[in-house]
Amino acid sequence: MSQPPKIGLVSLGCPKALVDSERIITTLRAQGYSFSHDYQGADMVIVNTCGFIDSAKAESLEAIGEAISENGKVVVTGCLGVEEELIRQTHPKVLAVSGPQQYERVVAAVHDAVPPVHNPHLDLVPPEGMKLTPRHYSYLKISEGCSNRCSFCIIPSIRGDLVSRPVAGVLYEAERLVKAGTKELLVISQDTSAYGQDIKYATSLFHGRQVKAKFYDLCAELGELGAWIRLHYVYPYPHVDKAIELMAAGKILPYLDIPFQHASPDILTAMRRPANQEKTLTRIRNWRKTCPDLAIRSTFIVGFPGETEQDFEILLDWISEAQIDRAGCFQYEPVKGAKANQLDGAVPDEVKKERFERLMERAQQVSAQRLAEKIGRTIEVIIDQVRTDENVAIARSKWDAPDVDGQVIIDNAGGLKPGDMAKVKITDSDAYDLFAVPAPGSGANQ
Ligand code: SF4
């Protein structure tokens, strides 16, 4: 059995830096690393620096130099880490640099320098972590919080502004999940397209390469892992356009979950969201030119304060124009602490309900028509469940996220198991689901 890698740690500075060091070694210990008290016994060294005053900076730079000459593999973190240029100029051989409290970046840099060794006899946690989803799909959280201020939402006041995870941490997690059998990664956050803005798109080391914490770069890297990559909670910003090219090239799934919430400019303004839905419509049309297979899922709120019949009709027409493949709808409810509670023009409950039903009916028409266009095609699906007694498998296409979208119901599915990818021929459709049979050579017993 291979020995766990040994890490050396030089911890300089104040008690806060010491607590950071403790968190880093606790995380590494839980991942199976062990520690060395001297440079020679270590496979690599972490130097947690201090940058408080000039003499502390000099001491930190000296400690980095000593670790490089004694060991060679050195990752720098801590307060002096904010002066990355100074560190790299003085010690070009340093492997990675991160600032204070950036535990995840340090751990990612350690993984990059000396990958963890999983020991099934000692580790309580499998390499992919503990999961609550089936083995074949996993959620991948890329950030916490949100820097938008939509008037109906209190998430920013509960979870704070956007805090993006370092990209190497996200990518190593994704890679571990795929190695452990995940075939579909669902990228989630409150605002996926804003990924990295808060950390100024900081780079981090992934398998020896510097990767930027940027929406497109993240999508491109994930697209190389050989799994289905599905994007949730994306906003139609211009920089999303480039990701559509990755979809057209088959690198990530042709699927976007964009919570539009409304289409009437007045209501969007009251919601404190971008209000130019005409421009968004043009953007969607261009996306579909680049990637005709693109499916768009969205959620909408009806009965927002001040919503008139005219606003609502703008929304209905927009859903048809934008050809929203999958739509969810909520009847507006005040949330304690939300700014929207101060708005006039409350919509009566019976009107909300009636608009909800009309919206769902319109969404169903669009969905049914778009699904009917797929009849006759042969597509790849992922199997979620098999009902052996009925010889039926319940699967999803690249246009269906688990739990929220439709399904592909496969007849004559003998031989298929949950987690399999299979080729099926679409024979029929209804408002939300597709019906199919295994395509020749798909692995199912036909
Ligand atoms: S609705 Fe979404 S984008 Fe708006 S503030 Fe809440 S979490 Fe952020």
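The shell around the ligand holds 5 nonpolar, 2 polar and 2 charged residues. Its members are Cys146, Asn148, Arg149, Cys150, Cys153, Ile155, Pro156, Gln190 and Asp191. Please keep in mind, as you look around, that this is a predicted model.

Stepping back from the ligand, let us turn to the whole chain. The protein chain has 446 residues, of which 41% count as buried. Along the principal axes, its C-alpha atoms fill a box of roughly 70 × 60 × 35 Å. The chain contains 12 helices and 20 strands. Among its contacts with a separation of 6 or more, 71% join residues 24 or more positions apart.

Two stretches carry domain annotations in UniProt, both from an unreviewed entry. The record lists "domain: MTTase N-terminal" at residues 5-115 and places "domain: TRAM" at residues 372-440. Here are the two spans side by side:

| UniProt feature | Residues | Distance between end C-alpha atoms | Helix | Strand |
|---|---|---|---|---|
| domain: MTTase N-terminal | residues 5-115 | 8 Å | 46% helix | 20% strand |
| domain: TRAM | residues 372-440 | 22 Å | 1% helix | 46% strand |

Now for a sheet that is worth tracing strand by strand. In what order do the 5 strands of the open sheet run? They follow the order β2-β1-β3-β4-β5, with parallel pairing. The edges are formed by β2 (34-36) and β5 (96-97), each of which pairs on one side only. In general, the strands of a sheet pair through backbone hydrogen bonds, in either a parallel or an antiparallel sense.

For a closer look at one pairing, try β1 and β2. Strand β1 (residues 6-11) joins β2 in the parallel sense over 3 bridges. If you would like a residue to start from, Ile7 has Phe35 in β2 as its bridge partner.

Helices accompany this sheet too. Helix α1 (residues 15-30) packs on the sheet and touches β1, β2, β3 (44-49) and β4 (74-78). The direction of α1 makes about 175° with that of β1. Which strands does helix α4 (residues 103-113) lie across? They are β1, β3, β4 and β5, and α4 runs at about 180° to β4.

To retrace the route, you might begin at the ligand with Cys146, Cys150 and Cys153, which are among the residues surrounding it. From there, move to the open sheet and follow β2-β1-β3-β4-β5 across, then add α1 packing on the sheet and α4 lying across β1, β3, β4 and β5.

How values were computed
Residues are numbered from 1 along each chain as its sequence is written. This is a predicted model: local features need pLDDT of at least 70, side-chain atom pairs count only at pLDDT 80 or more; totals for chains, interfaces and linings use all residues. A residue is near a molecule or strand if its C-beta atom, placed from the backbone, lies within 6 Å of it. Ala, Val, Leu, Ile, Met, Phe, Trp, Tyr, Cys and Pro count as nonpolar, Asp, Glu, Lys and Arg as charged, and the others, Gly among them, as polar. UniProt positions are given in the numbering used here, feature names are shortened, and annotations may be inferred rather than shown by experiment. Helices (H or I, at least four residues) and strands (E, at least two) are DSSP runs, numbered from the N terminus. Two strands pair if DSSP finds at least two bridges between them. Two residues are in contact if their C-beta atoms, placed from the backbone, lie within 7 Å. Axes are lines fitted to C-alpha atoms, for helices over the stretch in contact, and angles run from 0 to 180 degrees between N-to-C directions. A residue is buried if 20 or more other C-beta atoms lie within 10 Å of its own, exposed if 12 or fewer, and partly exposed in between; C-beta atoms are placed from the backbone.
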